[in-house]
Amino acid sequence: MISILVVSHGDFAKSLIQTAEMIAAKQAQVGWVSLAASDGVDSLSDKVATALAEFPKDTPTLILADLWGGSPFNVAAQFAAKNPQSIGLVAGVNLPILLEAYMARNSTLSELVNKINEISDDSIRQFKVSADDDDLGDDL
């Protein structure tokens, strides 16, 4: 089973995992790392290393970061660059993506990353009301 680590600015990662647990129950081999305002890159890197060490050895890990190019992503990218066969990294995590990752954890790491990329466009949508629709209740 693929381990999942969510990394973010502030408490977003922790809150996202707690919210996902409301829908999909508590998951094994899932962790989070938060960048606090007082953290530097070195302390954040230490937090990520500690979180990764808590997962079973020799199992692949998917890291989901909140923001491409942010410090959590950049630190995670260093770990992924050193271990590209066992660590995948995707930025732009949201609740649908995390839940999809939970459901597809028994695939290979590359299959899981590809699946996340496939569904990412559908995870963010704008609700539009049709101008000729005067009864919204039927369409919701």
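User: At what angle do the axes of helix H2 and helix H3 cross?
Analyst: The axes of H2 (residues 41–53) and H3 (residues 71–82) come within 10 Å and cross at roughly 55°, and the two helices are therefore oblique to each other, a word kept for angles outside the ranges under 35 degrees (roughly parallel), over 145 (roughly antiparallel) and 65 to 115 (roughly perpendicular). Helices here are DSSP runs of H or I with at least four residues, and strands are E runs of at least two.

User: Which residues make the contact?
Analyst: On H2 they are Val41, Leu44, Ser45, Val48, Ala49 and Leu52, and on H3 they are Ser71, Pro72, Val75 and Phe79, where contact means heavy atoms within 4.5 Å.

User: Is this a predicted model, or what is it?
Analyst: This is a predicted model, in which local features need pLDDT of at least 70 and side-chain atom pairs count only at pLDDT 80 or more, while totals for chains, interfaces and linings use all residues. Residues are numbered from 1 along each chain as its sequence is written, and side-chain values use heavy atoms, with hydrogens and water left out.

User: Changing topic, where is Ala25, and is Ala25 buried or exposed?
Analyst: Ala25 sits in the loop between helix H1 (12–24) and strand E2 (30–35), and with a relative accessible area of 42% Ala25 is partly exposed, the class between buried (under 20%) and exposed (over 50%), using a 1.4 Å probe and protein chains only.

User: What is phi of Ala25?
Analyst: Phi of Ala25 is near 70°, a positive value in a residue other than glycine. Gln29, in the loop between H1 and E2, has a phi near 60°, also positive.

Notes:
Axes fitted to C-alpha atoms, helices over the stretch in contact; angles between N-to-C directions.
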